[in-house]
Amino acid sequence: MTTATRSLVATDGNPYALSHLDALEAESVHIFREVAGEFERPVILFSGGKDSIVMLHLALKAFAPAAIPFSLLHVDTGHNFPEVIEYRDRTAAQHNLRLHVASVQDFIDRGLLRERPDGTRNPLQTVPLLDAIESNKFDAVFGGGRRDEEKARAKERVFSLRDEFGAWDPRRQRPELWSLYNGRHAPGEHVRVFPLSNWTELDVWQYIEREDIELPEIYYAHERDVFKRDGMWLTAGEWGGPKEHETVEKRLIRYRTVGDMSCTGAVDSDAATIADVIAEIAASRLTERGATRADDKMSEAAMEDRKREGYF
Amino acid sequence: MSTTIETSATSLLRFATAGSVDDGKSTLVGRLLHDSKSVLADQLEAVEHASRRRGQEAPDLALLTDGLRAEREQGITIDVAYRYFATARRRFILADTPGHVQYTRNMVTGASTAELAVVLVDARNGVVEQTRRHAAVAALLRVPHVVLAVNKMDLVEYAEPVFAAIAEEFTAYAASLGVKDVVAVPISALAGDNVVEPSAHMDWYGGPTLLEHLETVPVGSDPSIEPARFPVQYVIRPQTEENPDYRGYAGQLASGVLRVGDTVTVLPSGHTSTVAGIDALGAETDIAWAPQSVTVRLADDIDISRGDLIAAGPAPVPTKDIEATVCHLNERPLTVGAKVLLKHTTRTVRALVKEISYRIDIDSLEQRSGAEGLKVNDIGHVVLRTAEPLALDDYTDNRRTGSFLLIDPADGTTLTAGMAGEAFDTVSTNDAPDEEDWV
């Protein structure tokens with residue numbers, strides 16, 4: 001570790017200037033510590049995706065040499081990539097963290113949720129998520145959402161109050177000034193906290209490179225059986241693809257985001273290292289979500305509508 | 001590995017835009033994002049698609065920024081949004097503040113974290129009431145750099161005298177508010193003149209384009225000349241086999257520099273000690289500066305918890321009597337006698353609104369006394385009494401340790417933004433009772 005030396009890389013000729021990554025890191029760590037200081041039962045939403053992995057890395061740094069004073073929560077759609085689930089379990093064990101799993105499959109089996117005709121399970125996550133928050137009495141839930149992802153997210157506060165139904169009302173958000181975060185909430189309400197609000201996809205990758213953070217292999221180029229649906233390469237699997245007229249082929253691909261297999265698309269790529277990936281996304285003419293998320297394409301306000309219902 | 005880090009070690013500028021409804025702010029923001037190649041193909045495609053559906057021929061760049069359903073339906077911007085873009089030299093976080101009805105509250109929100117404010121003026125109208133209001137808010141929030149963007153130069157034949165007169169009037173007004181750094185740029189957001197690319201129509205202008213200025217303006221203050229302020233967020237005590245006695249105070253330096261060996265005072269208790277060690281997110285270091293997040297260890301075993309302030313250099317005197325300039329943010333008025341919570345750095349205490357000394361007319365900057373309450377968007381001066389002493393600096397000296405929030409204890413609503421001390425360096429006084437019905 002050479003954190004101190006790295007921070008001394010002068011920008012603008014000012015020896016005390018911080019690089020943008022150092023400034024973002026300092027801000028995110030501040031947010032983690034505010035939550036630890038003000039809430040009773042915070043939890044980190046951990047999917048094994050790159051944003052939540054960076055979030056966990058920042059939390060580890062924020063409380064070192066002590067352990068993170070939070071547990072982890074994963075909403076498992078039942079259609080996750082096996083490599084990601086393996087990474088999730090290994091990471092929780094490595095840091096001695098308690099992992100809560102809220103299972104969409106379980107809710108379907110119990111008749112509390114119904115499979116959608118299109119087989120997409122992403123929108124089904126909201127119910128198990130809110131159930132886990134309620135039954136565990138979590139009062140602060142960290143999410144890896146970034147404001148650059150989507151225009152409804154650009155309006156989201158760092159501390160986002162949710163009512164007893166988990167709902168987000170963009171018109172009733174608390175103004176957020178300076179670095180003074182207001183976490184007051186009534187019993188039954190909770191606060192979603194977004195420590196990566198001000199990070200972009202490129203920042204996340206540059207930070208992964210700088211900190212040498214391990215990611216699930218699906219983020220790097222590999223050969224995989226995929227088929228095309230709605231202009232995206234989807235992984236063939238038991239979740240319901242391909243259909244009769246869809247043909248499977250082996251392609252060299254990687255994933256830019258990690259989510260439910262039924263709606264997370266792969267991109268053609270030969271980027272095998274972090275540096276390759278950074279070069280690739282710096283040159284890409286598509287946003288992360290535009291390239292890989294089917295569920296955001298459903299309507300112009302798809303994300304906003306899901307967030308109002310309690311989605312992250 | 002080191003080469004990648006050095007090329008990526010760009011700095012970060014947080015800035016805010018202010019402009020009234022028809023000044024072309026959305027177009028300017030859209031132009032900055034578009035011309036700096038921060039708008040990607042799928043976003044542009046979505047905007048083109050939405051524009052076509054609305055019957056518009058050209059893509060409406062304002063749709064890039066209006067993110068909420070209600071905003072698109074009504075064609076207005078409701079709330080502050082944050083935008084991100086980057087050039088090879090710098091990363092930018094833009095607080096895009098709406099110019100609509102609730103502008104004071106929204107601009108205060110956007111300006112609170114900004115190091116630079118862009119005030120947009122329509123070249124045909126020059127400095128108007130709104131412009132003065134925007135300058136006043138930037139001055140009030142102590143935004144270090146102000147840029148006057150004189151927009152729609154294409155509609156005044158790109159005439160230098162028009163620009164010069166507006167720039168002169170604005171600079172004089174801003175100087176009277178105590179704003180030291182004003183840069184004026186003549187632009188056309190619609191045609192793209194001097195936003196990202198230099199204009200071919202204004203040979204007489206020798207200054208930077210707007211983006212060039214944003215890329216080169218110095219960011220961050222000089223921590224070496226500020227007293228150190230370290231609000232304690234959280235006490236780290238692992239109590240493990242490897243670290244049985246570790247006791248560190250976690251926080252983010254609000255200002256200044258801390259070195260191992262420095263003498264520090266802990267407030268409000270007033271105990272003094274010495275910095276025994278600094279841990280920068282897991283790695284030991286001998287120096288830290290604002291705004292780094294670190295963990296500080298002290299030589300003496302004294303009682304310190306969340307909410308305390310570790311200070312070096314001249315330290316503020318803790319007090320229960322606070323005078324401050326405030327901007328009221330909520331529809332519920334702030335009244336004399338109100339019992340509220342006050343959040344200052346990492347400490348939240350009970351507080352009483354003892355007095356509302358005056359309200360500031362943000363257009364004329366006159367102080368109007370006789371106020372019983374502050375309405376939403378009002379800026380005024382108040383006297384507060386707190387249940388426990390607080391170590392506040394003047395907001396003039398320190399934006400982080402001089403700021404606070406007032407919170408409704410009943411439902412947690414954020415009511416008011418506060419800045420310790422007087423609002424402006426120079427203000428005129430008008431003690432005549434307020435004629436408006438605004439209580």
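Visitor: In chain B, what share of the contacts with a separation of 6 or more is accounted for by residues 24 or more positions apart?
Guide: The model is a predicted one. In chain B, the contacts considered are those with a separation of 6 or more, and the part asked about comes from residues 24 or more positions apart. That part is 70%.

Visitor: What is the corresponding percentage for chain A, among contacts between residues at least 6 apart in sequence?
Guide: Chain A has ten helices and ten strands. Among its contacts between residues at least 6 apart in sequence, the share that joins residues at least 24 apart is 72%.

Visitor: How many helices and strands make up the secondary structure of chain B, and what percentage of its residues count as buried?
Guide: The secondary structure of chain B consists of eight helices and 26 strands. Its accessible surface comes to about 17,400 Å², with 48% belonging to carbon and sulfur atoms. Of its 439 residues, the portion counted as buried is 61%.

Visitor: What percentage of the residues of chain A count as buried?
Guide: Chain A exposes about 11,800 Å², and carbon and sulfur atoms supply 49% of that area. The chain has 312 residues, and the share of them that counts as buried is 65%.

Visitor: Why is strand β2 of chain A described as largely enclosed by the rest of the structure?
Guide: In a regular strand the side chains alternate between the two faces of the sheet. On one side of β2(A), Ser71(A), Leu73(A) and Val75(A) are buried, and on the other Leu72(A), His74(A) and Asp76(A) are buried. Strand β2(A), residues 71-76, is largely enclosed because the number of its six residues that are buried is six.

Visitor: Which residue of β2(A) stands opposite Ile44(A)?
Guide: Strand β1 of chain A spans residues 42-45, and it pairs with β2(A) in the parallel sense over three bridges. Opposite Ile44(A) in β2(A) stands Leu72(A).

Visitor: Is Ser273(B) buried or exposed?
Guide: Ser273(B) belongs to strand β12 of chain B, residues 271-280. Beyond the residues up to four places away in sequence, it touches Asp262(B), Thr263(B), Val264(B), Leu298(B), Ala299(B), Asp300(B) and Ile302(B). The relative accessibility of Ser273(B) is 3%, and the cut-off is under 20%, so this residue counts as buried.

Visitor: How far apart in space are Ser273(B) and Asp262(B), C-alpha to C-alpha?
Guide: Asp262(B) is among the residues that Ser273(B) touches. The two are eleven residues apart in sequence, and their C-alpha to C-alpha separation is 8.5 Å.

Visitor: Which residues does Ala111(B) contact, leaving aside its neighbours within four places in sequence?
Guide: Ala111(B) is located in helix α5 of chain B, residues 103-112. With a relative accessibility of 1%, Ala111(B) counts as buried. Ala111(B) and Val137(B) are 26 residues apart in sequence and 7.9 Å apart in space, C-alpha to C-alpha. With those neighbours set aside, the residues in contact with Ala111(B) are Ala16(B), Leu141(B), Val143(B) and Arg399(B).

Visitor: What is the volume of the second largest cavity?
Guide: A search of the whole structure finds six cavities of 30 Å³ or more. The lining of the second largest cavity draws on both chains, including His30(A), Ser179(A) and Leu180(A) as well as Pro231(B), Gln233(B) and Arg400(B). This lining divides into three nonpolar, seven polar and one charged residue. The volume of the second largest cavity is about 120 Å³.

Visitor: Which residue does a cis peptide bond join to Ala290(B)?
Guide: A cis peptide bond also runs from Leu267(B) to Pro268(B), with omega near 10°, and Pro268(B) lies in the loop between β11 and β12 of chain B. At Ala290(B), the cis bond has an omega of about 0°. The partner is in the loop between β14 and β15 of chain B, and it is Pro291(B).

Visitor: Is Lys137(A) buried or exposed?
Guide: Lys137(A) is in the loop between α6 and β4 of chain A. It has a positive phi of about 55° although it is not a glycine. Its relative accessibility is 60% and the cut-off is over 50%, so Lys137(A) counts as exposed.

Visitor: Is Leu365(B) buried or exposed?
Guide: Leu365(B) lies in the loop between β20 and β21 of chain B. Its phi is near 65°, a positive value in a residue other than glycine. At 8% relative accessibility, Leu365(B) counts as buried.

Technical notes
Residues numbered from 1 in each chain as written. Chains lettered and ligands numbered in written order. Predicted model: local features only at pLDDT ≥ 70, side-chain atom pairs only at ≥ 80, totals over all residues. Heavy atoms only, no water. Helix = DSSP H or I, 4+ residues; strand = E, 2+ residues; numbered from the N terminus. Buried < 20%, exposed > 50% of the residue type's maximum accessible area, 1.4 Å probe, protein only. Contact = heavy atoms within 4.5 Å. Areas by Shrake-Rupley, 256 points an atom, 1.4 Å probe, with all protein chains shown as cover. 1 Å grid on protein atoms, 1.4 Å probe; cavity = no way out; pocket = protein on both sides within 12 Å on 5 of 7 lines; lining within 4 Å. Points joined across faces, edges and corners; volume = space filled by probe spheres on them. Nonpolar A, V, L, I, M, F, W, Y, C, P; charged D, E, K, R; others polar. Pairing = 2+ DSSP bridges.
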